[in-house]
Amino acid sequence: MDISTKNAEAPPPLSPPTEAEQKRAARGATRPGDRIFLGLSRGSGIFLLVIMAAIAVFLSYRSVLAISKDETSFLTTFEWNPTAAEPSFGIAVLVYGTVISSIIAMVIAVPIAVGIALFITHYAPRRLGGTIAYVIDLLAAVPSIVYGLWGALVLVPHMSGLYGWLDDYFGWTGILDWQGGAPRSLFTVGILLAIMILPIITNVSREVFRQAPLMHQEAALALGATRWEVIRMSVLPFGRSGVISASMLGLGRALGETMAVATVLSPSFEINASLLDPGGGTFAQNIASKFSEASEMGRDALIASGLVLFVITLLVNGAARLIIARRAEYSGANA
């Protein structure tokens, strides 16, 4: 076969795509199914934004109605009496209780959850790791009211020993001074919340650590690194953003937990110097305990406090996104 015959049998060159085809390819919707999926996903995102905006508008409207009738400072008052002749309701105690109990929960839960996740993924035998992961998943499915009943009937009666020990060794700080009252305090609430958010942080962190590049770990081992050095240099940097996201999910539940806190805490509208003294309150607990018997004015006041909790949650998530964005280049997620 000569060269002319070969050239005659060769397929004609493909024509370059038209401008319209290039635009459709750039949008990623060249087929009917792609266009339908693109429309559904875009509509879902817009629908979510509409729901968030509707919640914000509703909370803001009802909050303005309540705050306009408040005779005191909404942010600094230590009293909650919206049915008085001169309505007075403040969120100072609620802000303090919500933030402090959530911080205690995070300080306890995050290190334990990360340790459990690392043990399951890098230390435990597969069968043992699978059993522990199954138990952790079961803890995530326990209803809040069950945690609350367990906290009130089991945790609270057994906290006296820990409170006494903290008072003996750290009571001089004033923060952990115990006067012998019932251990229905923000510290007990923080411990209960830590148990409740532990499965969330553990499960998400576990899945993130499993995605750590195996080649990076094998390279570190080949260079003589120990298992802990492999985790410190390869696994933890890769999973840092995931751990932060998991922690924010747990913090979101801690901030909004209602029934468990209402069952364990002995609420009062005062701020105690010691975390071990009974009293305090949280936004969710206050709304749950007072909403059913509140008047129209009282409900508007509770909705106003809910708006503050809504804003706090948005700020926390926004801060988490900023941290993740700053750490992304070091996390290994783009490797």
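**Close-up views of the helices and their side chains**

V146 sits in helix α6. The model is a predicted one, where local features need pLDDT of at least 70, side-chain atom pairs count only at pLDDT 80 or more, and totals for chains, interfaces and linings use all residues. Residues are numbered from 1 along each chain as its sequence is written, and side-chain values use heavy atoms, with hydrogens and water left out.

**View 1. The whole protein, before zooming in.** The fold counts 13 helices and two strands (DSSP runs numbered from the N terminus: H or I for at least four residues, E for at least two). Of its 335 residues, 39% are buried (under 20% relative accessible area; exposed is over 50%, partly exposed in between, with a 1.4 Å probe and protein chains only). About 19,000 Å² of the protein is exposed, and 66% of that comes from carbon and sulfur atoms (Shrake-Rupley, 1.4 Å probe). Take the contacts (heavy atoms within 4.5 Å) between residues at least 6 apart in sequence: 72% of them join residues at least 24 apart.

**View 2. A nonpolar patch on the surface, with helix α6 in the frame.** I145, V146, L149, W150, L153, V154 and M259 together make a nonpolar surface patch of about 610 Å² (nonpolar side chains joined within 5 Å, each residue with over 30% relative accessible area and no salt bridge). Helix α6, residues 144-155, gives the largest share of the patch, with six residues. Look for V146 here: its relative accessible area is 40%, so it counts as partly exposed.

**View 3. R62 and D300, a salt bridge between two helices.** R62 and D300 pair up in a salt bridge, and their closest N and O atoms are 2.5 Å apart (the rule asks for a Lys or Arg side-chain nitrogen within 4 Å of an Asp or Glu carboxyl oxygen). This pair ties together distant parts of the chain: R62 belongs to helix α3 (residues 32-67) and D300 to helix α13 (residues 296-331), 238 residues apart. Buried or exposed, what about D300? D300 has a relative accessible area of just 6%, so it is buried. R62 is buried as well, at 16% relative accessibility.

**View 4. Two salt bridges with arginines at 206 and 253.** The rule finds five salt bridges in all. In one of them, the side chains of R206 and E207 meet, N to O, at 3.3 Å. R206 is buried at 7% relative accessibility, whereas E207 is partly exposed with a relative accessible area of 35%. In another, R253 bridges to E257, with 3.6 Å between the closest N and O atoms. E257 is buried, its relative accessibility being 6%. Now swing back to the residues of View 3: salt bridges with shared partners join R62, D300 and E296 into one network.

**View 5. A260 and its contacts from elsewhere in the chain.** A260 is part of helix α11, which covers residues 259-264. What is its relative accessible area? The value is 0%, so A260 is buried. Set aside the neighbours within four places in sequence, and A260 is in contact with S144, G148, L192 and M196. Pick out M196 from that set: M196 and A260 are 64 residues apart along the chain, yet their C-alpha atoms are separated by 9.3 Å.

Notes
Patch = residues over 30% accessible without salt bridge, like charges linked within 9 Å, V, L, I, M, F, W, Y side chains within 5 Å.
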